[in-house]
Amino acid sequence: MLHIHEPVNPMFGVSKGNGRVMILGVPMEDTLSFKPGTRFAPMVLRQVTPYFEATPTEWLGHTPLGELNDLGDVNLHQGDVEFNLSRIRSIVSELLGKGLLINVGGEHTISLAVARAIRDKFSELGAFIQLDAHLDLRSEWPMGQRLSHATFARVLNTEVKPSLYVNLGFRGFDDEELTYARGLSSVLLDSVELSAIGYVQLYNLLRVINDTHGPVHLSIDIDVFDPSIAPGVGNPETGGVGYMAIYKALEVMMPLIAGRLVAIDIVEYSPPNDISNITASLVAKLIVDLMNLYLWGVNCKQSLTS
């Protein structure tokens, strides 16, 4: 495809599967405010994932890597925010509807381009689900800058207007952001609440997703995890959740969203800030589990409707 570099070393060593799941590298890093390095994430993950066991957390009857198709990386212009968002939007628009698209960033601002592409393709966005240490709902950050990794979710909610906004795992925010989030049609659980909540309670909270229509967009910032298990991020926040708390959330929500889930973004992994590939290992497991849960969720949905 035009403006995509095909991978020399494909993710997990698998270049072409059956194609129900596509991976696209999006190495955009233009608005960072602390530690740089997210643009290297797709490259490093391709280098190290062939050496990891691609075994999902639970056996659910699927072989995720058999469905994987690594498309390569979007060709971007370092430092040109608007150009890069426009190119990402254009490419994602072409790919939507051909299977589940997993975008590997890169900074979190890429999710704005993906959401715009979803609206372009489907004329609406049913739910935007964000797993993140931050709300990313500031009106400016740094001061005077309207568009950045810390403001993208506000621009997204203002411009794309998803019917439902979900943020799970947050713990870094200011009062104005929280007030804005509560003014939306939203489901909000901070990191303490997400760690403590049970499966049934979480399901009862998230089933409001069924009241929405249209596609679902899931965006996961790796800094949602505690930095003790995911140090390789640009904006670490102590007091984060463990891997199984996020897995629980994904396992609960996937039967609700799999039939409408069109894109997943995995963002803000920063290899230069990693230690001994600890975070790379976590991201690799997360990608495998997302594919596995998605395939299981689609089967659940088909079983209920057949």
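**Helices, sheet and loops of a predicted model**

Reader: Which residues of α4 are buried?

Author: In this predicted model, six of the eight residues of α4 are buried, so the helix is largely enclosed by the rest of the structure. Buried here means under 20% relative accessible area. The residues of α4 that meet this cut-off are F152, A153, R154, V155, L156 and N157.

Reader: Against which elements do the buried residues of α4 pack?

Author: Helix α4 covers residues 152-159 and lies across β5 (127-131) and β6 (164-170). Those two strands are among the partners of its buried residues. The full set is α3, β5, β6 and α5 (175-183).

Reader: At about what angle does α4 run to β5?

Author: An angle over 145 degrees counts as roughly antiparallel. Helix α4 exceeds that cut-off relative to β5, running at about 170°.

Reader: Which residue just after α4 takes a positive phi?

Author: Helix α4 ends at residue 159. Just after the helix, a phi of about 60° is found at K161.

Reader: In what order do the nine strands of the open sheet lie?

Author: The pairing in this sheet is mixed. Its edge strands, each pairing on one side only, are β1 (4-5) and β7 (186-190). Read from one edge to the other, the order is β1-β3-β2-β4-β9-β8-β5-β6-β7.

Reader: Do β1 and β3 run parallel or antiparallel?

Author: Two bridges join these strands. In one pairing, I4 stands opposite V74 in β3. The direction of β1 relative to β3 is antiparallel.

Reader: What is the bridge partner of M22 in β3?

Author: M22 falls within strand β2, residues 21-26, which is joined to β3 by five bridges. The two strands run parallel. The partner of M22 in β3 is N69.

Reader: Through which helix does the chain cross from β2 to β3?

Author: The connection is a right-handed β-α-β crossover. Its helix covers residues 41-48 and is α1.

Reader: Which residues of α1 are buried?

Author: Six of the eight residues of α1 are buried, so this helix is largely enclosed by the rest of the structure. They are A41, P42, V44, L45, R46 and V48.

Reader: How many residues of strand β3 are buried?

Author: Strand β3 covers residues 68-74 and pairs with β1 through two bridges. It is also joined to β2, by five bridges. Strand β3 is largely enclosed by the rest of the structure, because its buried residues number seven of the seven.

Reader: What is the bridge partner of L101 in β9?

Author: Strand β4 (residues 100-105) and strand β9 (residues 261-267) run parallel and are joined by four bridges. L101 belongs to β4 by its number. Its partner in β9 is A263.

Reader: Where is G106 found?

Author: The peptide bond from G105 to G106 is cis, with omega near 10°. G105 is at the end of β4, which spans residues 100-105. G106 is found in the loop between β4 and α3.

Reader: At roughly what angle do the axes of α2 and α3 cross?

Author: Helix α2 (residues 81-95) and helix α3 (residues 110-122) have axes that come within 8 Å. Their crossing is right-handed. The contact involves L85, I88, R89, V92 and S93 of α2, and residues of α3 including I110, A113 and A117. The helices are oblique to each other, with axes crossing at roughly 45°.

Reader: Which residues of α7 make the contact with α8?

Author: Helix α7 (residues 199-206) and helix α8 (residues 243-257) have axes that come within 10 Å and cross at roughly 45°. The two are therefore oblique to each other, and the crossing is right-handed. On the α8 side, the contact residues include K248, V252 and L256. On the α7 side they are Y199, L202, Y203 and L206.

Reader: Is S123 buried or exposed?

Author: S123 lies in the loop between α3 and β5, and its phi is near 70°, a positive value in a residue other than glycine. Exposed requires over 50% relative accessible area. S123 has 64%, so it counts as exposed.

Reader: What is the relative accessibility of S276?

Author: S276 is found in the loop between β9 and α9 (278-305). Its phi is positive, near 55°. S276 counts as exposed, because its relative accessibility is 71%.

Note on methods. Residues numbered from 1 in each chain as written. Predicted model: local features only at pLDDT ≥ 70, side-chain atom pairs only at ≥ 80, totals over all residues. Heavy atoms only, no water. Pairing = 2+ DSSP bridges. Contact = heavy atoms within 4.5 Å. Axes fitted to C-alpha atoms, helices over the stretch in contact; angles between N-to-C directions. Buried < 20%, exposed > 50% of the residue type's maximum accessible area, 1.4 Å probe, protein only. Right-handed = clockwise from strand over helix to strand, strands pointing away. Parallel < 35°, antiparallel > 145°, perpendicular 65-115°, else oblique. Left-handed = near helix turned anticlockwise from the far one by under 90°.
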